[in-house]
Amino acid sequence: VPELTAAELTTVEAADCKMVALLSPSEGINYNFVAGMYAIATVILVVLLVLDKVLEVSQVAGFYIIFAPFAPCFLWSLVVRNRWLAERGAAEGGSGETADSKKHR
């Protein structure tokens, strides 16, 4: 394994910080809502894709591409939502339970 120089190490650390910031939840955003909206758009993507490619409905040919960016966004929102719920659970007493899980008891 080659040794990294100080400049290369700084670049790697900066990239790690950007990745952590990208996957960290922001204050004041409800990630249940964000993930829900991305999920709806992903379902529309799948429906349009099936209509176009499997059922070969010519009226929707190519429309699925409009919704294609929502699939990776949905996966991203699930990762951030998971961290957001973990932070909320820790802030509510450290028991790991969220407000939603307490409602269902």
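**Worked exercises: helices α2 and α4**

Val80 touches Leu22, Leu23, Ser24, Pro25 and Tyr31, leaving aside residues up to four places away in sequence; a contact here means heavy atoms within 4.5 Å. Residues are numbered from 1 along each chain as its sequence is written, side-chain values use heavy atoms with hydrogens and water left out, and the model is a predicted one. Local features need pLDDT of at least 70 and side-chain atom pairs count only at pLDDT 80 or more, while totals for chains, interfaces and linings use all residues.

**Exercise 1.** Work out where confidence is lowest and where it is highest in the chain.

*Solution.* Start with the scale: pLDDT is the predictor's confidence in each residue, from 0 to 100. The chain mean is 85, and 77% of its residues reach 70 or more. Now go by element: helix α5 (residues 99-103) is lowest, at a mean of 55, and α2 is highest, at 98. Where pLDDT is low, don't read the predicted coordinates in detail.

**Exercise 2.** Check the length of helix α4 against its expected span.

*Solution.* Helices are DSSP runs (H or I, at least four residues), numbered from the N terminus. The expected span is 1.5 Å times one less than the number of residues. For the 22 residues of α4 (residues 70-91) that gives 32 Å, and the end C-alpha atoms are 30 Å apart, which agrees. Just after α4, Gly93 takes a positive phi of about 130°.

**Exercise 3.** Find the largest nonpolar core and say which helix gives it the most.

*Solution.* First, the buried residues (under 20% relative accessible area; exposed is over 50%, partly exposed in between, with a 1.4 Å probe and protein chains only). In α4 these include Val80, Trp84 and Leu85. Next, join them up: a nonpolar core is a set of buried Ala, Val, Leu, Ile, Met, Phe, Trp, Tyr and Cys residues joined through side-chain atoms within 4.5 Å. The largest has 5 residues: Tyr31, Val34, Val80, Trp84 and Leu85. Helix α4 gives the most, with 3 residues.

**Exercise 4.** Classify the ring pair of Tyr38 and Phe70.

*Solution.* Rings of Phe, Tyr and Trp (its six-membered ring) pair if their centres lie within 6.5 Å; planes under 30 degrees apart are stacked, over 60 edge-to-face, the rest tilted. This rule finds 3 aromatic pairs. Tyr38 and Phe70 have ring centres 6.0 Å apart and planes at 50°, so the pair is tilted. Tyr38 sits in helix α2 and Phe70 in helix α4, 32 residues apart. Ring pairs also bring in Phe67, giving a cluster of Tyr38, Phe67 and Phe70.

Terms used
Helices (H or I, at least four residues) and strands (E, at least two) are DSSP runs, numbered from the N terminus.
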